[in-house]
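Please open the model in a viewer and keep the sequence panel visible. The stops below are arranged so that each selection leads to the next.

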Amino acid sequence: MQNPTPRQHWMSILARAPRAQLCALYRPEPDTEFELIRAPETGLTQVRARSGGTGAQFNLGDMTLTRCVVRSPAGHLGYAFVAGRDRQQARLAAELDALLQESARQTQLLSDIIEPLARQQSAARSARDAEADSTKVDFFTLVRGED
């Protein structure tokens, strides 16, 4: 698989960030007004999977998804698709996507918001993996000594 572009990376981080974390790290400037192109709306999307991770694709089921599109004062469009029904999370993620496209703000936002979120998500993933590994059972075959 190819490495994601910087925008794909930050959009992925924003899509997985809970609203509480976004609110803790991002406070919109009072004079920054975003135009709502597509107000946050909730719907369903089809989730596809592969047997064994590499086999034939099949429809796993439906998933609730909330999307939002905003335009920043600089004219950049920000998009967000988040799992679940949290409209505020989708709007915050879309606003950040739009702001991150502005080269003047990008470095600061990456270091203040995206990198801390990425570290938190990585730590949570490592903790989940460690918990799963602790329950792993290694099976082996005993050779019976039959005469």
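How many bridges join strand 1 to strand 2, and in which sense do these strands run? The model to be inspected here is a predicted one. Select residues 35–50, which form strand 1, together with residues 57–71, which form strand 2. The two run antiparallel and are joined by 13 bridges.

**First stop: the hairpin of strands 1 and 2**

Within this pair, display Thr42 and then look across to strand 2, where Thr66 stands opposite. Next select Val47 in the same view; its bridge partner in strand 2 is Gly61. Then move to the segment between the strands, which has 6 residues in this hairpin. Gly52 should be picked out here, as its phi is positive, near 65 degrees.

**Second stop: the addition of strand 3**

Add residues 77–83 to the selection; these are strand 3. Strand 2 pairs with strand 3 over 7 bridges, in the antiparallel sense. Return to Thr66, already displayed opposite Thr42, and locate Val82, the bridge partner of Thr66 in strand 3. Thr66 may thus be viewed with Thr42 in one direction and Val82 in the other. A further pair to display is Val70 with Gly78, its bridge partner in strand 3. The hairpin of strand 2 and strand 3 has 5 residues between the strands. In its turn, select Gly75, where phi is again positive, at about 95 degrees.

**Third stop: the sheet as a whole**

With the three strands shown together, the open sheet can be followed in the order 1-2-3, with antiparallel pairing. Which strands stand at the edges? They are strand 1 and strand 3; each has a single partner strand, so one side of each lacks a neighbour in the sheet. Rotate the view to examine the twist: on average, neighbouring strands of this sheet are turned by 25 degrees against each other, direction ignored.

**Fourth stop: helices 1 and 3**

Leave the sheet and select helix 1 (residues 6–16) and helix 3 (residues 87–100). At what angle do helix 1 and helix 3 pack? The angle is about 160 degrees, and the axes lie 10 Å apart. Helix 1 and helix 3 are therefore roughly antiparallel to each other, and their crossing is right-handed.

**Fifth stop: the salt bridges**

Side chains of opposite charge can pair when their charged atoms come close. The structure contains 8 salt bridges, and several merit individual display.

Begin with Asp97 and Arg7, which form a salt bridge with closest N and O atoms 2.7 Å apart. This pair links distant parts of the chain, since Asp97 belongs to helix 3 and Arg7 to helix 1, 90 residues apart. Is Asp97 buried or exposed? Asp97 is buried, at 0% relative accessibility, whereas Arg7 is partly exposed, with a relative accessible area of 28%.

Continue to Asp86 and Arg19, whose side chains meet in a salt bridge at 2.8 Å, N to O. These residues also link distant parts of the chain, being 67 residues apart: Asp86 is in the loop between strand 3 and helix 3, and Arg19 is in helix 2 (residues 19–25). Arg19 counts as partly exposed, at 36% relative accessibility.

Then select Glu102 and Arg105, where the salt bridge spans 3.3 Å, N to O. Glu102 is buried at 12% relative accessibility, while Arg105 is partly exposed at 25%. Add Glu29 to this selection, for Glu29, Glu102 and Arg105 are linked in a network of salt bridges.

**Last stop: the cysteines**

Finally, display Cys23 and Cys68. How many disulfides does a search of the whole structure find? The search finds 0. A disulfide is a covalent bond between the sulfur atoms of two cysteines. The cut-off for counting one is a pair of cysteine sulfur atoms within 2.5 Å. The closest cysteine sulfur to that of Cys23 is in Cys68, 14 Å away, and this is too far for a bond. The two sites may also be compared by accessibility: Cys23 is partly exposed, at 25%, whereas Cys68 is buried, at 1%.

How values were computed. Residues are numbered from 1 along each chain as its sequence is written. This is a predicted model: local features need pLDDT of at least 70, side-chain atom pairs count only at pLDDT 80 or more; totals for chains, interfaces and linings use all residues. Side-chain values use heavy atoms; hydrogens and water are left out. Buried means under 20% relative accessible area, exposed over 50%, partly exposed in between (1.4 Å probe, protein chains only). Two strands pair if DSSP finds at least two bridges between them. Helices (H or I, at least four residues) and strands (E, at least two) are DSSP runs, numbered from the N terminus. A salt bridge is a side-chain nitrogen of Lys or Arg within 4 Å of a carboxyl oxygen of Asp or Glu. Axes are lines fitted to C-alpha atoms, for helices over the stretch in contact, and angles run from 0 to 180 degrees between N-to-C directions. Angles under 35 degrees count as roughly parallel, over 145 as roughly antiparallel, 65 to 115 as roughly perpendicular and the rest as oblique. A crossing is left-handed if the near helix is turned anticlockwise from the far one by less than a right angle, and right-handed if clockwise.
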